[in-house]
Amino acid sequence: MSSANRLKSASEAASSLLSPLLQLHLAVLLFGGTALFSNLLPLPATDITTFRAAIACIALSLFTLKRRGHLKLQRMWDYGVILILSILVSSHWVTYFAAMQFANVAIGMIAFFTYPVMTVVAEPLLNRRAIPLKDLANGLMVLIGIALLMPVPSLSNDTTVGVALGVLSAALFTARNLVQKRYFSGYDGATTMSYQTGLAALLLLPFVTHSPTELSNYHLGLLLLLALVFTALPHAMMAQSLRQLSAKTVSLVGCLQPLYGVSLAAVILGQLPNLQTLIGGTLVVAAALIETQQSRKTH
């Protein structure tokens, strides 16, 4: 059975066995689980991202071809847009994994989850509108939460570097989402990610420092697990959920990703967050939840 058939069968099996809401929670759990591989794989963030993207691209491309029959984009302009999106997503993934390698999964993931607040602050600026005071208040809550994650305000400290990389990853993810929403919203998720993962792998290939042949069978298996089960499959499941659930529900459940990721890291990696990290994380995730609810009410 081909990768496309396996991915489609897995997605359809999940759809038939689970309710749309449980399927959504499983997709978010898998997305949260990607953080574990920053510690499980003995590779730098660039290599993890390149191999993950290359394998996921093959699976998603075959899946898209099975569904649509082609991978063509509608306009030549769109190929330029997808290149920009791929630069942003590859940089986002590298900084995402690097954040957790410098700090730990909890701190890296919480720092990354500043992106919902970044989005609601950036969108009015792009549209030349004033930023609502409530959004500024949420932004302040996030800044306090991030400050609590940093042991010292110095880049000589690995944890502080991890926080900075997590916030940078969030900024890149925010930019990618805003560009995609404005210029590439006419395409389905599988098509979009087929191009983004493929181009991301090509863009990062010159920076790869290890060959897959150097890895043990165990670590090769982990790479396949990351790319197929924790990347391609949840993207397919998320697309299925969006067809059956409201956008508000999908966004709110998505805010549970840090909780799932931190919980998995505690169980599998033994990385238990301290009290200061928990307080900072609570502030960041609370701000994300508030912004998600408010943005859905206004739409």
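This passage describes two helices and a loop residue in a predicted model.

Helix 7 was considered for its length and burial. The helix covers residues 115-126, a run of 12 residues. At 1.5 Å a residue, a span of 16 Å is expected. The end C-alpha atoms lie 16 Å apart, so expectation and model agree. Several positions in helix 7 are buried. These are Y115, P116, V117, T119, V120, A122 and P124. In an α-helix there are 3.6 residues a turn, so residues three or four places apart point the same way.

The chain then enters a loop. R128 comes just after helix 7. This residue sits in the loop that leads from helix 7 to helix 8 (133-149). Its backbone stands out: R128 is not a glycine, yet its phi is positive, at about 55°. Most residues other than glycine have a negative phi. R128 is also exposed, because its relative accessible area is 80% and the cut-off for exposure is over 50%.

I48 gives a contrasting environment. This residue belongs to helix 4, which comprises residues 45-68. Its relative accessibility is 0%, so I48 counts as buried. The cut-off for burial is under 20%. Leaving aside residues up to four places away in sequence, I48 touches F37, S38, L41, L43, F97, Q101 and L226. Q74 lies 26 residues from I48 along the chain. The C-alpha atoms of I48 and Q74 are separated by 31 Å.

Burial thus differs between the two residues described: I48 is buried at 0%, whereas R128 is exposed at 80%.

Key
Residues numbered from 1 in each chain as written. Predicted model: local features only at pLDDT ≥ 70, side-chain atom pairs only at ≥ 80, totals over all residues. Heavy atoms only, no water. Helix = DSSP H or I, 4+ residues; strand = E, 2+ residues; numbered from the N terminus. Expected span 1.5 Å × (residues − 1). Buried < 20%, exposed > 50% of the residue type's maximum accessible area, 1.4 Å probe, protein only. Contact = heavy atoms within 4.5 Å.
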